[in-house]
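Here are some notes for a colleague who is looking at this structure for the first time. They go point by point and may be read with the structure open alongside.

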Amino acid sequence: MDEQRLDGNAAAGALGEVFAFEATTAGYACDACGGTGVLGTAMVYEVRGLGTIVRCPGCDNVLVRLVQNPGRHMIDLRGTKYLQIGEISG
Amino acid sequence: MVARLYRTLWRIGEVVGVVSETPRTKSLVLDVPGWEGHKAGQHVDVRLTAPDGYQTQRSYSIASAPEDERVVLTVDRLDDGEVSTYLTDVVTAGDRLELRGPIGGYFTWEEGDGGPLFLVGGGSGVVPLMAMTRHRATSGSDVPTRLLLSFRSHEEIIYREELEDLAAHDGSLEVFYTLTRARPQGWTGYHRRIDARMLEEVSWGPHESPLAFVCGPTPLVETVGTALVGLGHDPARVKTERFGATGG
Ligand SMILES: Cc1cc2nc3c(=O)[nH]c(=O)nc-3n(C[C@H](O)[C@H](O)[C@H](O)COP(=O)(O)OP(=O)(O)OC[C@H]3O[C@@H](n4cnc5c(N)ncnc54)[C@H](O)[C@@H]3O)c2cc1C
Ligand SMILES: [Zn+2]
């Protein structure tokens with residue numbers, strides 16, 4: 001299975017399926033190293049058709065794990081201390 | 001709410017034209033009913049479904065300016081590519097494509113964001129940079145802009161004539177090329193992979209705080225991003241878009 005290292009921005013479509021806000025411009029704080037940034041600058045590993053992993057660019061900790069099964073999404077945010085959303089307009 | 005639905009929902013675009021850009025690269029001109037516009041730098045996800053129900057999707061940057069009512073994608077053909085071979089070999093005018101977008105709020109440039117703009121791309125990484133360049137031209141912006149583009153050979157340069165034309169009529173737009181494999185006789189441009197020295201020669205210095213957009217194959221983007229920050233550029237003003245894998 002192909003795994004591609006991409007920018008957080010590349011996961012905008014997948015994140016848009018589960019979040020009502022524009023995720024790539026949302027701020028995050030990493031639960032492991034305390035680093036902050038916007039998700040668009042994080043590292044994304046996309047396992048085609050199966051899921052998406054967003055990692056902290058500072059320490060590689062998994063911030064968001066998205067698993068896509070037909071008709072079901074699993075969102076694991078345990079590596080994220082918080083997400084910060086500017087304005088929910090879509 | 002409506003915007004969110006469009007971003008998330010799959011919808012159909014009709015291919016109204018196919019343009020050969022280079023021997024390996026084609027532009028698909030799409031008519032997407034109800035397209036509500038995009039920002040330069042955004043992409044769409046394209047989804048293909050086989051007769052047996054197997055689905056696969058890939059991201060493609062929007063090449064056209066936001067002012068353009070048609071949505072143009074430019075696809076580089078990878079010999080062993082699942083989706084890019086279909087889009088470049090099979091799709092013709094009249095076909096329909098399933099897509100969602102526009103997507104991505106991060107790797108975008110609008111006229112009001114200012115500059116100076118430093119756009120660095122490799123191979124099809126030029127696509128979102130072209131949307132920014134077209135938007136800049138269409139909106140009448142005179143933000144000083146430099147493009148540094150890496151291709152394998154002269155015949156693989158995408159949008160070469162249009163860029164030449166734009167630069168010829170616009171003193172604040174400059175285009176630099178580097179050819180990494182073959183170069184024509186008499187070539188006076190660069191002929192190596194982009195490195196820190198090339199970036200230093202072409203870019204504005206950090207004190208002029210250019211806004212940099214770097215796009216292309218993952219290794220190129222990582223080299224350039226690291227080198228720019230190493231040269232003293234503010235990481236917050238160096239935006240990257242990795243296209244994946246190898247190539248360029
Ligand atoms: C945000 C974003 C925007 C993109 N915009 C464009 C665009 O405007 N134009 C465009 O042509 N492509 C673009 N891409 C790349 C595109 O999404 C596909 O990855 C590419 O077309 C290959 O898909 P494929 O199905 O043909 O190849 P696959 O079947 O997925 O892969 C075939 C082989 O090529 C390798 N490979 C995969 N992706 C790439 C790549 N990008 N470069 C080189 N080798 C690769 C794989 O490792 C594999 O060995 C973009 C990617 C992202 C994340
Ligand atoms: Zn971290």
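**Notes on strands, domains and contacts**

1. In this predicted model, strand β1 of chain B (11-22) pairs with strand β6 (residues 96-103) of chain B in the antiparallel sense, over 4 bridges. A position to look for in this pairing is B:Gly13, which stands opposite B:Leu97 in β6(B).

2. β1(B) also runs antiparallel to strand β2 (residues 25-31) of chain B, to which 7 bridges join it. Here B:Val18 stands opposite B:Leu28 in β2(B), and the hairpin that joins β1(B) to β2(B) passes through 2 residues.

3. On the level of domains, chain B is divided into domain 1, covering 2-103, and domain 2, covering 111-242, and the C-alpha centres of these two domains of chain B lie 24 Å apart. Their contact takes 16 residues from domain 1 of chain B and 15 residues from domain 2 of chain B. On the side of domain 1 of chain B that touches domain 2 of chain B, the elements giving two or more residues are β1 (11-22) and β5 (71-76) of chain B, and by class that side has 6 nonpolar, 6 polar and 4 charged residues.

4. Chain B also holds an open sheet of 5 strands with parallel pairing, in the order β9-β8-β7-β10-β11. Its edge strands, each of which pairs on one side only, are β9 (173-179) and β11 (238-242) of chain B, and the twist from one strand to the next averages 10 degrees.

5. Within chain B, strand β7 (residues 117-122) and strand β10 (residues 211-216) pair in the parallel sense over 5 bridges, with B:Val120 standing opposite B:Val214 in β10(B). Helix α3 (residues 126-138) of chain B packs on the sheet, where it touches β7, β8 (145-151), β10 and β11 of chain B, and its direction makes about 155 degrees with that of β8(B). Helix α6 (residues 218-230) of chain B lies across β7, β8, β10 and β11 of chain B, and runs at about 170 degrees to β11(B).

6. Which elements of chain A each supply at least two residues of the side that touches chain B? The contact takes 20 residues from chain A and 20 residues from chain B, and the elements in question are β1 (3-7) and α1 (12-16) of chain A. The largest share of that side of chain A, 4 residues, comes from β1(A), while by class the side of chain A that touches chain B has 5 nonpolar, 10 polar and 5 charged residues.

Terms used. Residues are numbered from 1 along each chain as its sequence is written. Chains are lettered from A and ligands numbered from 1 in the order in which they are written. This is a predicted model: local features need pLDDT of at least 70, side-chain atom pairs count only at pLDDT 80 or more; totals for chains, interfaces and linings use all residues. Domain bounds come from an automatic or database domain assignment. Two residues are in contact if their C-beta atoms, placed from the backbone, lie within 7 Å. Ala, Val, Leu, Ile, Met, Phe, Trp, Tyr, Cys and Pro count as nonpolar, Asp, Glu, Lys and Arg as charged, and the others, Gly among them, as polar. Two strands pair if DSSP finds at least two bridges between them. Axes are lines fitted to C-alpha atoms, for helices over the stretch in contact, and angles run from 0 to 180 degrees between N-to-C directions.
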